[in-house]
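User: I'm new to this one and would like to see how its labels are earned. Could you take me through the reasoning?

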Amino acid sequence: QKSDKTESIWFRPYSSFETVELENKHKVHNSGYGAYIGYDTDLINIKNNWESVFTFYGGYTGARQRYNSNKIIQNGGQFGISGVFFRKNYFIGLSSNIGAIYADSTNNKGEIHFSMLNSTGAIKTGYNFNIFEKKLTIQPSFLFAYIFVNTFDYLNQENITISSKPVNSLQFMPGLKITGNLTNGWQPYLGIQTIWNIMNDSNFSANDVSIGEISIKPYVQYGAGIQKSTENNFSGYLQTTLRQGGREGIILSIGIRKYF
């Protein structure tokens, strides 16, 4: 949601704990963690009552997965840029990022190492309906994203080459957010989103012999949070999000922002 002041730097750590149910009936237990830092530009005036804010960000991302007898530890980084364009209560945002991950995988046969390259392009649009003299804001939104993930070929413990075709996934995410604009800068909010992934099958092969596909079922995420702005140009938030469906678990995130 647009603010009178936009130029700022921010810091957002997060952690997540979830179970991902794949289409092949197997489940992956995943713990994720990381932190991002970013810079938001000042509000830029464009023609015909349009305004915009651009964001540059980067950070560390890590995860631990358990899948049957396999354990995987991932460490990587991600960098991106986004731009949000406003006209009155309507907004549209464009975002693009790229990242790399190095993974250590351990099973009952030993240890292997592999790396991944990922990139995402997304567009999000929505409208802010202010009611009760702007004490309550209802924001329906829709996000569409293209996700690319490439796992580079690697050798397993038996010197067999494991390869996979890159994942080219499309993600659709309609959502609704309700924010209360209280006195003294407090803003509690509730949100819900439904996530569909299509074209997200990942094909694996060993020495050119196919070993099957995996994909993620649709899921819903919903949660609550609260943010607070202070008179000395600081703001912060605390948020909890639950997931149910193809992914089940919880995401915890906090953030702090300094305006200029």
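Analyst: Sure, here is a short chat about buried residues and salt bridges. Keep in mind that this is a predicted model.

User: Why is Glu18 called buried?

Analyst: The relative accessible area of Glu18 is 6%. Buried means under 20%, so Glu18 at 6% counts as buried. As for its place in the chain, Glu18 sits in strand E1, which covers residues 8-21.

User: What does Glu18 touch?

Analyst: Leaving aside residues up to four places away in sequence, Glu18 touches Val28, His29, Asn30, Arg243, Arg247, Glu248 and Gly249.

User: What makes the pair Arg243 and Glu18 a salt bridge?

Analyst: Their side chains meet at 3.0 Å, N to O. The cut-off asks for a side-chain nitrogen of Lys or Arg within 4 Å of a carboxyl oxygen of Asp or Glu, so 3.0 Å between Arg243 and Glu18 qualifies. Arg243 lies in strand E17 (residues 234-245) and Glu18 in strand E1, so this pair ties together parts that are 225 residues apart in sequence. Both Arg243 and Glu18 are buried.

User: And how do you know that Arg247 forms a salt bridge with Glu18?

Analyst: By the same kind of check: the closest N and O atoms of Arg247 and Glu18 are 2.6 Å apart, and the limit is 4 Å. Arg247 belongs to strand E18 (residues 247-259) while Glu18 is in strand E1, so the pair ties together parts that are 229 residues apart in sequence.

User: Why is the link between the side chains of Glu18 and Arg247 also called a polar contact?

Analyst: That label needs a pair of N or O atoms within 3.5 Å, one able to donate a hydrogen and the other to accept it. The side chains of Glu18 and Arg247 are joined by a polar contact of 2.6 Å. Glu18 also makes a polar contact with the side chain of Arg243, at 3.0 Å.

User: How many salt bridges are found in the whole structure?

Analyst: The search finds three. One of them is between the side chains of Arg257 and Asp40, at 2.6 Å, N to O. This pair links distant parts of the chain, with Arg257 in strand E18 and Asp40 in strand E2 (residues 27-40), 217 residues apart. Arg257 and Asp40 are both buried.

User: Which residues are joined into one network?

Analyst: Glu18, Arg243 and Arg247, through salt bridges that share partners.

Technical notes: Residues are numbered from 1 along each chain as its sequence is written. This is a predicted model: local features need pLDDT of at least 70, side-chain atom pairs count only at pLDDT 80 or more; totals for chains, interfaces and linings use all residues. Side-chain values use heavy atoms; hydrogens and water are left out. Helices (H or I, at least four residues) and strands (E, at least two) are DSSP runs, numbered from the N terminus. Buried means under 20% relative accessible area, exposed over 50%, partly exposed in between (1.4 Å probe, protein chains only). Contact means heavy atoms within 4.5 Å.
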